[in-house]
Amino acid sequence: MKISARNQLKGRIVEITKGATTAHVRIDIGGAIVTSSITNAAVDDLGLTIGKEAYAVVKASDVMIAID
C-alpha cells in the first residue's frame, strides 16, 4: 500500500456493525480502539471481516497532542 497520509494506525478489526447505508468498523490498534464510519459498500469492496488486519488512516490538516 502506498498512501501519502502520515497517520496510519495498523490494527485488527474487532467489530463491524452495518446500518442501512453506513457501517461502523472498530479496529484494535494495540489496546486502543479506533472507530471508522464507512459505507456498507466499502466494507464489502474491501472484504473487511472481524480478525482481519487493517489500517485506520487519519486524514487531517492538524494532529494535536494532549497530556493529562
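Glu53 is partly exposed, with a relative accessible area of 44%. That makes it a friendly place to start exploring this predicted model, because a value in the range between the limits for buried (under 20%) and exposed (over 50%) is called partly exposed.

**Salt bridges around Glu53**

Which residues are joined with Glu53 into one network of salt bridges? Take Lys10 to begin with: its side chain meets that of Glu53 in a salt bridge, at 3.6 Å from N to O. Lys10 lies in strand E1 and Glu53 in strand E4, so this pair ties together parts that are 43 residues apart in sequence. Arg12 also forms a salt bridge with Glu53, and here the closest N and O atoms are 3.2 Å apart. Arg12 lies in strand E1 too, so its pairing with Glu53 in strand E4 ties together parts that are 41 residues apart in sequence.

A further salt bridge brings the helix into the picture: the side chains of Asp44 and Lys18 meet at 2.7 Å, N to O. This pair links distant parts of the chain, with Asp44 in helix H1 (residues 40-46) and Lys18 in strand E1, 26 residues apart. To return to the network, salt bridges that share partners join Lys10, Arg12 and Glu53. In the whole structure, a search finds four salt bridges, and the table shows three pairs, including those of the network.

| Salt bridge | N to O distance | Separation in sequence |
|---|---|---|
| Lys10 and Glu53 | 3.6 Å | 43 residues |
| Arg12 and Glu53 | 3.2 Å | 41 residues |
| Asp44 and Lys18 | 2.7 Å | 26 residues |

How accessible are the positively charged partners? Lys10 counts as partly exposed at 48% relative accessibility. Arg12 is partly exposed at 40%, and Lys18 is partly exposed at 43%.

**The overall layout**

Now step back and look at the protein as a whole. How many helices and strands does the protein have? Its secondary structure comes to one helix and four strands, and reading along the sequence gives the pattern β-β-β-α-β. Along its principal axes, the C-alpha trace spans about 35 × 25 × 25 Å.

The protein has 68 residues, and buried residues make up 16% of them. About 5300 Å² is exposed, and carbon and sulfur atoms supply 54% of that area. If you take the contacts between residues at least 6 apart in sequence, 44% of them join residues at least 24 apart.

**The nonpolar core**

In soluble globular proteins, nonpolar side chains tend to be buried together. Which residues make up the largest nonpolar core here? There are eight: Ile13, Ala23, Val25, Ile27, Val43, Leu48, Ala54 and Ala56. The elements that give two or more residues to this core are strand E2 (22-28) and strand E4. The largest share, three residues, comes from E2.

Val25 is a good core residue to click on. Leaving aside neighbours within four places in sequence, Val25 is in contact with Ile13, Glu15, Ile16, Val34, Thr35, Ser36, Ile38, Val43 and Leu48. Among these contacts, Ile13, Val43 and Leu48 are also members of the core.

**A buried residue in the helix**

Is Asn40 buried or exposed? Asn40 is found in helix H1, and its relative accessible area of 13% is under the 20% limit, so it counts as buried. The side chain of Asn40 reaches the backbone nitrogen of Ala23 at 3.5 Å, and Ala23 is one of the core residues. Beyond its neighbours within four places in sequence, Asn40 is in contact with Lys18, Gly19, Ala20, Thr21, Thr22 and Ala23.

**A nonpolar patch on the surface**

Nonpolar side chains also appear on the outside. Met1, Ile3, Tyr55 and Val57 form a nonpolar patch on the surface, with about 400 Å² of accessible area together. Met1 is found in the segment before strand E1 (7-18) and is exposed, with a relative accessible area of 68%. Val57 sits in strand E4 (residues 53-58) and counts as partly exposed at 36% relative accessibility.

What does Val57 contact, leaving aside its neighbours within four places in sequence? The contacts are Ile3, Ala5, Asn7 and Gln8, and Ile3 belongs to the patch as well. The C-alpha atoms of Val57 and Ser36 are separated by 9.4 Å, with the two residues 21 apart along the chain.

Terms used
Residues numbered from 1 in each chain as written. Predicted model: local features only at pLDDT ≥ 70, side-chain atom pairs only at ≥ 80, totals over all residues. Heavy atoms only, no water. Patch = residues over 30% accessible without salt bridge, like charges linked within 9 Å, V, L, I, M, F, W, Y side chains within 5 Å. Areas by Shrake-Rupley, 256 points an atom, 1.4 Å probe, with all protein chains shown as cover. Buried < 20%, exposed > 50% of the residue type's maximum accessible area, 1.4 Å probe, protein only. Contact = heavy atoms within 4.5 Å. Core = buried A, V, L, I, M, F, W, Y, C linked by side-chain atoms within 4.5 Å. Polar contact = N/O pair within 3.5 Å; in protein donor to acceptor, adjacent residues only side chain to side chain.
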